[in-house]
Amino acid sequence: MEARLAQAVELLARRRLLVLTGAGISTDSGIPDYRGNGTPRRTPMMYSEFRGSSENRRRYWARSHVGWRRMSTAEPNVGHRAVAELERSGSATGVITQNVDGLHIAAGSRTVVELHGRLADVVCLDCGDRCTRTAVHQRLAALNPEFNDVSAELRPDGDVDLEKLDGFVVAGCEECGGVLKPDVVFFGENVPRDRVATSTRMTDEAEALLVAGSSLAVLSGYRFVRQAHARGIPVAIVNRGATRGDDLADVKIDAGCSETLNVLAESLAGVTPGR
């Protein structure tokens, strides 16, 4: 690992790098990832399922409501802070994240594209009105007091497994009574074009790409590794286990994000890109 770390430092030094992150960077904040070792197989709700059935929406919101109490208290870890430091020091130009937890911004990163949105935001699918998850959580707590003391193991999407959903009442939009949905990209939805365009531009302008905590199994993140590789700029990957982009990487470090990113941030501090 030390040799690969040294190789990564040499590869990234004096280059303006872009950081691409996935769920693995947030595991040290208590948020489980999707495909790590020992992770059970899961079947997330598709957008068509959520939109097409009031029973599916009730199931989603009940599980998400219970999970939000833990998700909302998650704090940035060493890995998030290291990424923020890379930006502050001038080594990194910004962050593209597949995560919906908002922890990069909480850690102090300034230029962040949240590809899949953020769980802290809620949108009405009928009138487009927006509100905070905190406000919706308070409404759901008042409507469903019997669920307020329920606890269960948190899942990667911020929800939990619940066996009994009887009686759970879903809150509608306060403006029109329509369907509320966390403002995140569900499976079966497309990432908004403006986020893809911004991320594509950032990748075009970068001199290196650092991937942290992503298996790159989904195209939303993998496309930028392919773009960087096609441009001929160095690609470094930090992830426990294999990733879809390993064959495109100049260096792969099979290790945890927190400790590795912290070493990279310390090693690149004071190294001015372009000199």
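1. D161, in this predicted model, has a relative accessibility of 46% and therefore counts as partly exposed, since that value lies between the 20% limit for buried residues and the 50% limit for exposed ones. The side chain of D161 meets that of R155 in a salt bridge, with 3.0 Å from N to O. R155, by contrast with its partly exposed partner, is buried, because its relative accessible area of 17% falls under 20%. The pair does not stand by itself, as R155, D159 and D161 are linked in a network of salt bridges.

2. A second salt bridge to examine joins E114 and R118, whose closest N and O atoms are 3.1 Å apart. Here it is the acidic residue that is buried, E114 having a relative accessible area of 14%, while R118 is partly exposed at 26%. In total, the count for the model comes to twelve salt bridges, among them the E114 to R118 contact and the D161 to R155 contact.

3. The side chains of E189 and K181 also form a salt bridge, at 3.2 Å from N to O. E189 is partly exposed, with a relative accessible area of 26%, whereas K181 is buried, with a value of 3%. K181 has a place in the sheet as well, for in β6 it is the bridge partner of V123.

4. The sheet in question is open and has three strands, in the order β5-β4-β6, with antiparallel pairing. Its edge strands are β5, covering 130-132, and β6, covering 180-184, each of which pairs on one side only. From one strand to the next, the twist averages 40°. As background, the strands of a sheet pair through backbone hydrogen bonds, in either a parallel or an antiparallel manner.

5. Where does V122 find its opposite residue in β6? V122 stands opposite P182, and the strands concerned, β4 (residues 117-124) and β6, pair in the antiparallel sense over four bridges. Helix α6, made of residues 133-143, packs on the sheet and touches β4, β5 and β6, and its direction makes about 75° with that of β5. Helix α3, made of residues 54-71, lies across β4 and β6 and runs at about 140° to β4.

6. Is the edge strand β6 buried or exposed? Five of the five residues of β6 are buried, so this strand is largely enclosed by the rest of the structure, even though β6 is an edge strand that pairs on one side only. The burial of K181, with its relative accessible area of 3%, can be read alongside that result, as can the fact that α3 lies across β6 together with β4.

7. A separate point concerns the packing of helix α1 (residues 2-12) and helix α9 (residues 257-268), which meet at an angle of about 45° with their axes 10 Å apart. That angle makes α1 oblique to α9, because it falls neither under 35 degrees, where a pair would count as roughly parallel, nor in the range from 65 to 115 that counts as roughly perpendicular. The crossing of α1 and α9 is right-handed. On the α1 side the contact is made by L5, A8, V9 and L12, and on the α9 side by T260, V263, L264, S267 and L268.

Definitions and conventions: Residues are numbered from 1 along each chain as its sequence is written. This is a predicted model: local features need pLDDT of at least 70, side-chain atom pairs count only at pLDDT 80 or more; totals for chains, interfaces and linings use all residues. Side-chain values use heavy atoms; hydrogens and water are left out. A salt bridge is a side-chain nitrogen of Lys or Arg within 4 Å of a carboxyl oxygen of Asp or Glu. Buried means under 20% relative accessible area, exposed over 50%, partly exposed in between (1.4 Å probe, protein chains only). Two strands pair if DSSP finds at least two bridges between them. Helices (H or I, at least four residues) and strands (E, at least two) are DSSP runs, numbered from the N terminus. Axes are lines fitted to C-alpha atoms, for helices over the stretch in contact, and angles run from 0 to 180 degrees between N-to-C directions. Contact means heavy atoms within 4.5 Å. Angles under 35 degrees count as roughly parallel, over 145 as roughly antiparallel, 65 to 115 as roughly perpendicular and the rest as oblique. A crossing is left-handed if the near helix is turned anticlockwise from the far one by less than a right angle, and right-handed if clockwise.
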